[in-house]
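Student: Could you take me through one part of this model up close, residue by residue? I'd like the contacts, the burial and the charges told as one connected story.

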Amino acid sequence: MTDHPRETDFRTWVLEHRTRLRTTAFLLCGDWYLADDLVQDALGRLYSRWGRVVAAGDPGAYVRRILCNLHTDHRRRPARREISEADVATLHAHPQTRMDERDDDLIAALLRVPAGQRAVLVLRFFEDLSVQQTAALLRTSPGNVKSQTCRGLEALRSALRTRPAETAGPAETQGAS
């Protein structure tokens with residue numbers, strides 16, 4: 001049994017881009033399991049429109065827009081934000097993903113940035129999109145992207161400066177006594 005060429009193209013594209021999409025989703029939401037769900041939903045929607053999306057241009061731009069929209073939808077529905085106490089410890093950890101301590105600090109700070117600003121920062125600096133591309137993807141003006149980038153970077157800097165005390169090293173905690 002052979003796959004239809006459309007399915008083969010889609011599978012090839014997914015294998016090439018899935019890891020990056022998953023990381024982007026995680027940077028948006030801060031939860032690996034939710035990121036997996038967002039990516040799966042986004043890929044399902046992409047598959048249903050695969051022929052049209054490929055004919056129109058870049059599937060990556062289309063699926064990033066879907067990810068952002070799905071994340072926004074998730075944030076707006078309060079029932080979906082309920083987290084059991086047992087799950088809190090596993091939010092940032094994922095068994096298949098390793099990050100060094102600097103990444104953990106940066107991600108923790110990024111998750112303290114307001115969601116709209118965080119989305120702009122992720123698209124601009126992780127996905128390496130231009131101001132115009134980010135504006136088109138988020139359906140906003142380039143001026144709004146610039147101001148959200150500026151505010152988001154300031155919020156990120158502030159979050160990095162005011163890290164929780166438990167991340168302070170032994171030398172920092174000894175000097176406080």
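Tutor: Sure, let's start with Arg118, which, leaving aside neighbours within four places in sequence, is in contact with Leu27, Leu28, His71, Leu110, Leu111 and Val113. Keep in mind that this is a predicted model. Arg118 sits in helix α7, which covers residues 115-126.

The charge situation there is worth a look. Arg118 is buried, yet has no salt bridge. The nearest side chain of opposite charge belongs to Asp31, and that is 11 Å away. With the cut-off for a salt bridge at 4 Å from nitrogen to carboxyl oxygen, Asp31 at 11 Å doesn't qualify as a partner for Arg118.

Now zoom out to the helix around it. Nine of the 12 residues of α7 are buried, so the helix is largely enclosed by the rest of the structure. Those buried residues are Ala115, Gln117, Arg118, Ala119, Val120, Leu121, Val122, Leu123 and Arg124. So Arg118 has Arg124 and Gln117 as fellow members of that buried set, along with residues such as Val120 and Leu123.

One of the contacts of Arg118 deserves its own stop: Val113. You'll find Val113 in the loop between α6 (101-110) and α7. Val113 counts as buried because its relative accessibility is 2%, where the limit for buried is under 20%. Not counting residues up to four places away in sequence, Val113 touches Arg118, Leu121, Gly152, Ala155 and Leu156. If you want a C-alpha distance for your notes, take Val113 and Arg157: they are 44 residues apart in sequence and 9.6 Å apart in space.

Next, step off the far end of the helix. α7 is followed by Asp128, whose phi is positive, near 60°. Asp128 is a residue other than glycine, and its place is in the loop between α7 and α8. Asp128 is exposed, with a relative accessible area of 62%.

Glu127 lies in that loop between α7 and α8 too, and this is where the salt bridges come in. Glu127 counts as buried at 10% relative accessibility. Its salt bridge with Arg64 has the closest N and O atoms 3.3 Å apart. Arg64 belongs to helix α4 (residues 59-76), so this pair ties together parts that are 63 residues apart in sequence. Arg64 is buried as well, with a relative accessible area of 13%.

Glu127 forms another salt bridge, with Arg20, and there the closest N and O atoms are 3.7 Å apart. This pair links distant parts of the chain, 107 residues apart, as Arg20 is in helix α1 (residues 5-29). Arg20 counts as partly exposed, at 38% relative accessibility.

A search of the whole structure finds seven salt bridges. One of them joins the side chains of Glu154 and Arg161, at 3.2 Å from N to O. Glu154 counts as partly exposed at 39% relative accessibility, while Arg161 counts as exposed at 59%. As for linked pairs, salt bridges that share partners join Arg20, Asp58, Arg64 and Glu127 into one network.

Carry on along the chain and you get to a pair of helices, α8 (residues 131-138) and α9 (residues 142-161). They pack at an angle of about 105°, with their axes 8 Å apart. That makes α8 roughly perpendicular to α9, since 65 to 115 degrees is the range for that label. At the contact, Val131, Thr134 and Ala135 in α8 meet Pro142, Val145 and Lys146 in α9. The residues of this contact divide into four nonpolar, one polar and one charged.

The last stop is the loop between α8 and α9, where Arg139 lies. Arg139 has a positive phi, near 55°, in a residue other than glycine. Arg139 is exposed, with a relative accessible area of 62%.

To pull the arginines together: Arg118 is buried without a salt bridge, Arg64 is buried and has a salt bridge with Glu127, and Arg139 is exposed in its loop.

Definitions and conventions
Residues are numbered from 1 along each chain as its sequence is written. This is a predicted model: local features need pLDDT of at least 70, side-chain atom pairs count only at pLDDT 80 or more; totals for chains, interfaces and linings use all residues. Side-chain values use heavy atoms; hydrogens and water are left out. Axes are lines fitted to C-alpha atoms, for helices over the stretch in contact, and angles run from 0 to 180 degrees between N-to-C directions. Helices (H or I, at least four residues) and strands (E, at least two) are DSSP runs, numbered from the N terminus. Angles under 35 degrees count as roughly parallel, over 145 as roughly antiparallel, 65 to 115 as roughly perpendicular and the rest as oblique. Contact means heavy atoms within 4.5 Å. Ala, Val, Leu, Ile, Met, Phe, Trp, Tyr, Cys and Pro count as nonpolar, Asp, Glu, Lys and Arg as charged, and the others, Gly among them, as polar. Buried means under 20% relative accessible area, exposed over 50%, partly exposed in between (1.4 Å probe, protein chains only). Lys and Arg count as positive and Asp and Glu as negative; His and the chain ends are not counted.
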